[in-house]
Amino acid sequence: TLKEQQDLVAIAYSTIHPTMDFTLPLTPQYTQTGGTTKAATSSLFGDYAIAATILFTLVVFIFEAYLNFRQRKSYHKIDFPRELETTVGNIDRETKSSAASDKKEESSKSSDDDKKDKVDRNAPILPQLKSKFSHAQSYGLDKINFSIFSSTYAVTEEVVFLLYGFLPYVWDKACAVGAKYGWTETEHEIKITLLFLGIVTIVGTITSLPFELYSTFEIEKKHGFNKQTLGLFFTDKLKGLVLSAVFGGPFLALLLKIIFMGGDKFYLYVWAFTFVFSVIMMTLVPVVIMPLFNKYEKLPDGPLKDSIYELAGKLSFPLTKLFVMDGSKRSSHSNAFMFGFMKNKRIVLFDTLLSQVSNDEILAILGHELGHWKMGHTVTNFVVTQVYTGFMFYFFSLCYNSHELYRAFGFDDESRPIPTIIALVLFTSTIWAPVDKTLSFIMTVHSRKCEFEADEFSVNLGMSSKLQSGLC
């Protein structure tokens, strides 16, 4: 129950430290001065910053927990949904006469698990879905239970780190390591910042690893979806860490440099920089980074390729290349996506999609994806993201010198400079957090609206029945 989840957080609090003082105003267990100095002046904002942050974190957590438990109830249902039964029954009747023409041969290399999870397109779909309904419910229940547990741990960790003073502790450790190389906070802040983030990344990787392993090799494997090996899993993790250092390190160094040199209007230069970086990464990720994790091959010539180009031409979509990605080496889940700028668009199909649905159903699914492009959903999301980033850095510039905020979280040595990365982290996790959560909720609602519109777009192309059967 929701009460049980709240009790887990309460137990975590009681075990944080037997001597920790929870009376207001809250202060971290670790501070840069060891709590030996007091601010010359105090403010309501500074005194209650940690308490307000924890309160907001718990309010968001409880709200999301409520949504999770509400969804969890639906996974306990054992009766097949009547509306879905009616819809799929209509699909079976409409496609009965043409079932033979949609027949696709399965690869002789398919495993027994692959065959077990596939829908036979030459047989009525409804009986097959009913037989898989309990399995789908079990999968959903396992995922939601895992989500509840992992989110409980995440919020507990966040609160513990706040109360212990994790940020000032790690920053001071990074400064101590940097001092061995002659680095100082005033002259080598960027180097110390990169070291600080390296430590934080390592800690985050270690604490999240058990959850990722359980999700992949217990839940996904249990339900027949996971295909990757432990070796591939850890290779992916290593590649991700290396890429974060290669791309994230220089990005952050340049970002900090712009803030240092930009003066009072630094947010304008930062905004321009993040926009350019976003465009560059949108170009590099599918062309340079994604091929490091998956193999991309051109879709072979044939009826499917011709039909996709015909559909793209009908919608004036500037398709230049069609790829097949070996998604099956990690999961039996299927997908399709597109990328590219201006007149250079590309479409990628998972190999699992090709083996699970018919050509006409693939076209219907692509009709949905192309609907997002045609209706400007992708551009809208990009514009919203850029506007959001600009406003965030503008308001950050207004709070940049808020020493009460930094002092409240353990950075209370006024003889030392406030690290810019710490200022940004604390701003986004405190003052800006309500804005971020509100916009996230609005964008989730907008995303649902976009999905319905893309479905309608595919339906208006005359692909209604194939879209329905393809998603079964």
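This report walks through a four-stranded sheet, the helices that pack on it, and one helix pair elsewhere in the chain.

The model is predicted, so local features need pLDDT of at least 70 and side-chain atom pairs count only at pLDDT 80 or more, while totals for chains, interfaces and linings use all residues. Residues are numbered from 1 along each chain as its sequence is written, and side-chain values use heavy atoms, with hydrogens and water left out.

**The sheet**

Let's start with the strands. Helices (H or I, at least four residues) and strands (E, at least two) are DSSP runs, numbered from the N terminus. The open sheet has 4 strands in the order β1-β2-β4-β3, and its pairing is mixed. β1 (296-298) and β3 (336-341) are the edge strands, each with a single partner, so one side of each has no neighbour in the sheet. From one strand to the next, the twist averages 30°. Two strands count as paired if DSSP finds at least two bridges between them; the pairs are listed here.

| Strand pair | Sense | Bridges |
|---|---|---|
| β1 and β2 (residues 319-325) | antiparallel | 3 bridges |
| β2 and β4 | parallel | 6 bridges |
| β3 and β4 | antiparallel | 6 bridges |

Some individual partners help to fix the register. Lys298 has Phe323 in β2 as its bridge partner, Met325 is matched with Phe350 in β4, and Phe337 stands opposite Val348 in β4. The hairpin of β3 and β4 has 2 residues between the strands, and Met342 there takes a positive phi near 50°.

How many residues of β4 are buried? Buried means under 20% relative accessible area, with exposed over 50% and partly exposed in between (1.4 Å probe, protein chains only). By that measure, 6 of the 7 residues of β4 are buried, and the strand is mostly covered.

**Helices on the sheet**

Contact here means heavy atoms within 4.5 Å. Axes are lines fitted to C-alpha atoms, for helices over the stretch in contact, and angles run from 0 to 180 degrees between N-to-C directions. Helix α10 (residues 266-289) packs on the sheet and touches β3 and β4 (344-350), its direction making about 130° with that of β3. Helix α13 (residues 359-374) also touches β3 and β4, with its direction at about 40° to that of β3.

**A helix pair**

Helix α3 (residues 49-74) packs against helix α17 (residues 433-470) at an angle of about 20°, with axes 11 Å apart. That makes the two roughly parallel, a term for angles under 35 degrees. Phe56, Val60 and Glu64 in α3 meet Ala433, Pro434 and Lys437 in α17.

Terms used
Parallel < 35°, antiparallel > 145°, perpendicular 65-115°, else oblique.
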